[in-house]
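This report covers helix packing and ligand contacts in one protein chain. Please look over the sequence and the model before reading on.

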Amino acid sequence: MYNPKSMKAEEFISHEEILDTLEYAEKNKHNEKLINEILDKARKRNGLTHREASVLLACDLPEKNNEICELAREIKQDFYGNRIVLFAPLYLSNYCVNGCVYCPYHFKNKHIPRKKLTQEEIKNEIIALQDMGHKRIAVEAGEDPVNNPIEYILDSIKTIYSVKHKNGSIRRVNVNIAATTVENYRKLHDIGIGTYILFQETYNKDSYETLHPTGPKHNYAYHTEAMDRAMEGGIDDVSLGVLFGLESYRYEFAGLLMHAEHLEAVHGVGPHAISVPRIKKADDINPDDFDNGIDDDIFAKIVACIRIAVPYTGMIISTRESEECRKRLLNLGVSQISGGSKTSVGGYFNPMPEDENSAQFDVSDRRPLDEVIKWLMQLGYVPSFCTACYRSGRTGDRFMELCKSRQIHNFCHPNALMTLKEYLQDYASDETKKIGYDLIAKEVEMIDSNVIKEKVEENLVKIEAGSRDFRF
Ligand code: SAM
């Protein structure tokens, strides 16, 4: 029944295969010989199968766990260097016809204020986001064919790309909307979205159906096969995720990797990124009502194991997590974070009073973007506002090839330094500026290729003089 090449959800995410994997992992969790073999394979930086990675996740030998974390750090450094890409979510509408039991946007929630931004309001949100320094956003919306039809999403994306305020611009719009048709995915592709993001929530079909009792999202197969339709519609950068806390984390981990294997087997390209959200308190949602919550140590182990299993797939952590937790995960494999986020509809332009709050969940890391940037640099990271790859046609398998051969550094690192310089010039506080300029000088000095170094130096001078949007 298990067939990674099948186009049927229940065959590429086979329940039996996941159960066998969990049994195999449990049986071998102290099998040092096998664990060493898996770690040796992982050191080659070509990834692991869901079975192998599940053994590492189950392993509770302290010494081996240290090795796993160390390897995750090394792999992260190899593929992503010290760069961290920044983005912000933009909530367009919280109208929703689904009954997801963990989300306050569920249609039975009659007291949460329902809001849908007009195109004028979207412009205001984008100006506020540009004034913070953001260049990359993830559009979010509930599922509601009447209030949020695809035409509304497309109009909104057009508006977002059209706003040019001072030196600001949103250069990449990623989209996190409900599973839809090939035709609609083609429309999203044609309008120039970056990544299509859809969280599976849970890979366990029975739990999925219980957690999504009503509405179009109830259909497990339609939801799970969405990435295949997105790829058929021409979107070759897709981003996976599960909502940790809904189901057993080992089940989700195996399912997530099987999904990645399926995309690679069928489309020749795995997921561009994987998100690792944990369920949070929200309007009428209490995370304690869900039995499968995971603590910070297990969460960190999951991140390390994902990093080892799919080295060339980006990993995203949002402001659902605290500063402390994000710091730990950055070190283990996360390559992209949100900053200065608002999860309410219209929250950037007009932060709402508590009782008018339309937020999807409570944010733990509430620091302004400038503080997040300063903090990243103080931790030794280079914050990046780069959006170059998809604008230069480096998507899907073209991106993956560069990533797997590690040539992507030659693009990402210069682009990170140039976009950081733009940020510092246009938006940073004096203290952040000072730290940033020193960091850029140090990083430029370390560029190996003289050709690239000279070009970066030349562009940095032009940025200082007011020019914008250079890219490799
Ligand atoms: N409506 C779209 C869909 O169905 O996929 C977009 C999703 S929603 C705007 C973004 C994500 O937020 C969801 O996929 C879910 O995983 C997450 N989410 C919902 N409720 C949450 C909660 N209480 N805590 C943390 N994340 C939550």
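Is the crossing of α2 and α12 left-handed or right-handed? The crossing of these two helices is right-handed. The model is a predicted one, and the values below are computed from its atoms.

**Helix α2 and its two partners**

Helix α2 covers residues 15-27 and helix α12 covers residues 249-267. The two pack at an angle of about 120°, and their axes are 10 Å apart. That angle makes α2 oblique to α12. On the α2 side, the contact is made by H15, E17, I18, L19, T21, L22 and E26. On the α12 side, R250, Y251, A254, G255 and M258 take part. By class, the residues of this contact divide into 6 nonpolar, 3 polar and 3 charged.

Helix α2 also packs against helix α4, residues 50-58. Here the axes come within 8 Å and cross at roughly 45°, which makes α2 oblique to α4. The crossing of α2 and α4 is right-handed. In this contact, E17, D20, T21, Y24 and A25 of α2 meet H50, R51, S54, V55 and A58 of α4. The contact of α2 with α4 has 4 nonpolar, 3 polar and 3 charged residues. E17 and T21 of α2 take part in the contact with α12 and also in the contact with α4.

**Helices α15 and α18**

A further pair is formed by helix α15 (residues 369-378) and helix α18 (residues 409-427). Their axes come within 12 Å and cross at roughly 135°, so α15 and α18 are oblique to each other. The crossing of α15 and α18 is left-handed. From α15, the residues in contact are L369, D370, I373 and M377. From α18, they are L420, Y423, L424 and Y427. This contact consists of 7 nonpolar residues and 1 charged residue, with no polar residue.

**The ligand**

Which residues are closest to the ligand? They are Y102, A141, E201, K217 and K280, out of 19 residues that surround the ligand. Three polar contacts of the ligand are listed here.

| Ligand atom | Protein partner | Distance |
|---|---|---|
| nitrogen | A141, polar backbone atom | 3.0 Å |
| oxygen | E201, N or O atom in the side chain | 2.6 Å |
| oxygen | Q360, N or O atom in the side chain | 3.3 Å |

A141 thus appears among the closest residues and meets a ligand nitrogen through a polar backbone atom. E201 is likewise listed among the closest residues, and its side chain meets a ligand oxygen.

Methods:
Residues numbered from 1 in each chain as written. Predicted model: local features only at pLDDT ≥ 70, side-chain atom pairs only at ≥ 80, totals over all residues. Heavy atoms only, no water. Axes fitted to C-alpha atoms, helices over the stretch in contact; angles between N-to-C directions. Helix = DSSP H or I, 4+ residues; strand = E, 2+ residues; numbered from the N terminus. Parallel < 35°, antiparallel > 145°, perpendicular 65-115°, else oblique. Left-handed = near helix turned anticlockwise from the far one by under 90°. Contact = heavy atoms within 4.5 Å. Nonpolar A, V, L, I, M, F, W, Y, C, P; charged D, E, K, R; others polar. Near = heavy atom within 4 Å. Polar contact = N/O pair within 3.5 Å; in protein donor to acceptor, adjacent residues only side chain to side chain.
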